[in-house]
Amino acid sequence: MSWNQALKAFCDLYTASKLSTKWIVVGSVGSVLQHASMSPNDLDIYVKDIEAVKQLAGLLAQYNLKKKSERSYFDSDWRSSDEEPYFTQSFSSGFTWTKGKWKIQDFDVEVVHISNSAGIPDSDSGEGIWEGGRYIWELIKHVEFENHLVPVVPLEIQLESNIRRKRQDRVDAILSALMLHGYDKELLAKALSSNSKGSSETVAALL
């Protein structure tokens with residue numbers, strides 16, 4: 001199954017459920033939905049609170065393992081189960097998230113809530129807007145997909161995240177999409193940190 005089939009399966013389930021959970025697609029699927037040329041490996045869905053993790057874990061229960069995973073939470077092959085549909089994990093930095101992870105056919109789907117960012121820069125006045133931070137909920141963009149309106153993090157914000165991560169392949173793909181399909185210049189100026197604004201001539205030319 002491809003990312004678009006996994007996303008359609010999720011959207012169909014969500015629409016039928018009548019839930020009003022606050023969720024947003026981030027990462028490479030969010031970029032591809034906005035015309036960036038990438039090959040996603042998983043579908044990342046962020047939610048605003050832990051209650052939303054519980055709701056979406058219930059929605060995806062049909063994809064649970066029947067027995068609790070014996071793998072570590074640090075293992076990329078950990079999967080949600082009937083006994084343990086999600087977990088909360090803290091890292092040495094203090095970064096803390098609550099996560100559930102499933103396979104829809106053979107494609108990974110994650111639902112994540114971040115409760116402690118451990119000081120990751122996130123501002124609209126110089127440090128850059130973080131793709132997992134507080135501003136994304138005010139700046140949601142909706143994209144038409146398979147008769148659904150999918151909430152995504154705007155590419156302008158994803159550009160900042162990928163410059164930070166030094167993912168030049170994704171930076172290039174996002175820049176191409178912005179130049180080809182248009183962008184919000186004001187949002188781009190807010191989303192990029194001072195360092196990112198000077199990261200390349202291409203970025204500077206968009207501002």
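Trainee: Let's start with W97: is it buried or exposed?

Mentor: Keep in mind that this is a predicted model. To read burial, look at the relative accessible area: under 20% means buried. W97 has a relative accessible area of 18%, so it counts as buried.

Trainee: Okay, rings next. How many aromatic pairs are there?

Mentor: The count comes to 12 aromatic pairs. To read one, check how far apart the ring centres are and how the planes are turned: planes under 30 degrees apart count as stacked, over 60 as edge-to-face. Take Y73 and F87: their centres are 4.1 Å apart and their planes are at 5°, which makes the pair stacked.

Trainee: Where do Y73 and F87 sit along the chain?

Mentor: F87 belongs to strand β3 (87-90), while Y73 is in the loop between α3 (50-59) and that strand. The two are 14 residues apart in sequence, so the pair ties those parts together. As for burial, Y73 is partly exposed, with a relative accessible area of 33%, and F87 is buried at 4%.

Trainee: And how do the rings of W97 and F91 meet?

Mentor: The ring centres of F91 and W97 are 5.8 Å apart and the planes are at 75°, so this pair is edge-to-face. F91 is partly exposed, at 29% relative accessibility. Both residues also belong to one aromatic cluster, made up of F74, F91, F95, W97 and W130.

Trainee: Now helices. How far apart should the ends of helix α1 be?

Mentor: Here's a handy check: count 1.5 Å a residue. Helix α1 covers residues 3-17, so its 15 residues should span 21 Å. The C-alpha atoms at its ends are 21 Å apart, which agrees.

Trainee: Which residues of α1 are buried?

Mentor: Start with the general idea: an α-helix has 3.6 residues a turn, so residues three or four places apart point the same way. In α1 the buried ones are W3, A6, L7, A9, F10, C11 and Y14. Try picking them out in the 3D view.

Trainee: And how many residues of helix α4 are buried?

Mentor: In α4, residues 155-164, 9 of the 10 are buried, so the helix is largely enclosed by the rest of the structure. They are L155, E156, I157, Q158, L159, E160, S161, N162 and I163. Among the elements covering them are β1 (23-26), α2 (27-32), α5 (168-181) and α6 (185-191).

Trainee: How do α4 and α5 pack?

Mentor: Two packed helices are described by the angle between their axes and the distance between the axes. For α4 and α5 the angle is about 160° and the axes are 9 Å apart. Angles over 145 degrees count as roughly antiparallel, and therefore α4 and α5 are roughly antiparallel to each other. The crossing is left-handed. On the α4 side the contact is made by L155, E156, Q158, L159, N162 and I163; on the α5 side, by R170, V171, I174, L175, A177 and L178.

Trainee: What does S28 touch?

Mentor: For contacts like these, we leave out residues up to four places away in sequence. S28 then touches M38, P40, N41, D42 and R170. S28 sits in helix α2 and is buried, with a relative accessible area of 3%.

Trainee: Last topic, backbone angles. Which residue just after α1 has a positive phi?

Mentor: That's K18, with a phi of about 65°. Just after α4, K166 has a positive phi of about 60°. Loops have such cases too: H35, which is not a glycine, has a phi of about 80°. H35 lies in the loop between α2 and β2 (42-47) and counts as exposed at 51% relative accessibility.

Trainee: And what about E146?

Mentor: E146 isn't a glycine either, and its phi is positive at about 50°. You'll find E146 in the loop between β6 (141-145) and β7 (148-152), where it counts as partly exposed at 41% relative accessibility.

Technical notes:
Residues are numbered from 1 along each chain as its sequence is written. This is a predicted model: local features need pLDDT of at least 70, side-chain atom pairs count only at pLDDT 80 or more; totals for chains, interfaces and linings use all residues. Side-chain values use heavy atoms; hydrogens and water are left out. Helices (H or I, at least four residues) and strands (E, at least two) are DSSP runs, numbered from the N terminus. The expected span of a helix is 1.5 Å times one less than its number of residues. Buried means under 20% relative accessible area, exposed over 50%, partly exposed in between (1.4 Å probe, protein chains only). Contact means heavy atoms within 4.5 Å. Rings of Phe, Tyr and Trp (its six-membered ring) pair if their centres lie within 6.5 Å; planes under 30 degrees apart count as stacked, over 60 as edge-to-face and the rest as tilted. Axes are lines fitted to C-alpha atoms, for helices over the stretch in contact, and angles run from 0 to 180 degrees between N-to-C directions. Angles under 35 degrees count as roughly parallel, over 145 as roughly antiparallel, 65 to 115 as roughly perpendicular and the rest as oblique. A crossing is left-handed if the near helix is turned anticlockwise from the far one by less than a right angle, and right-handed if clockwise.
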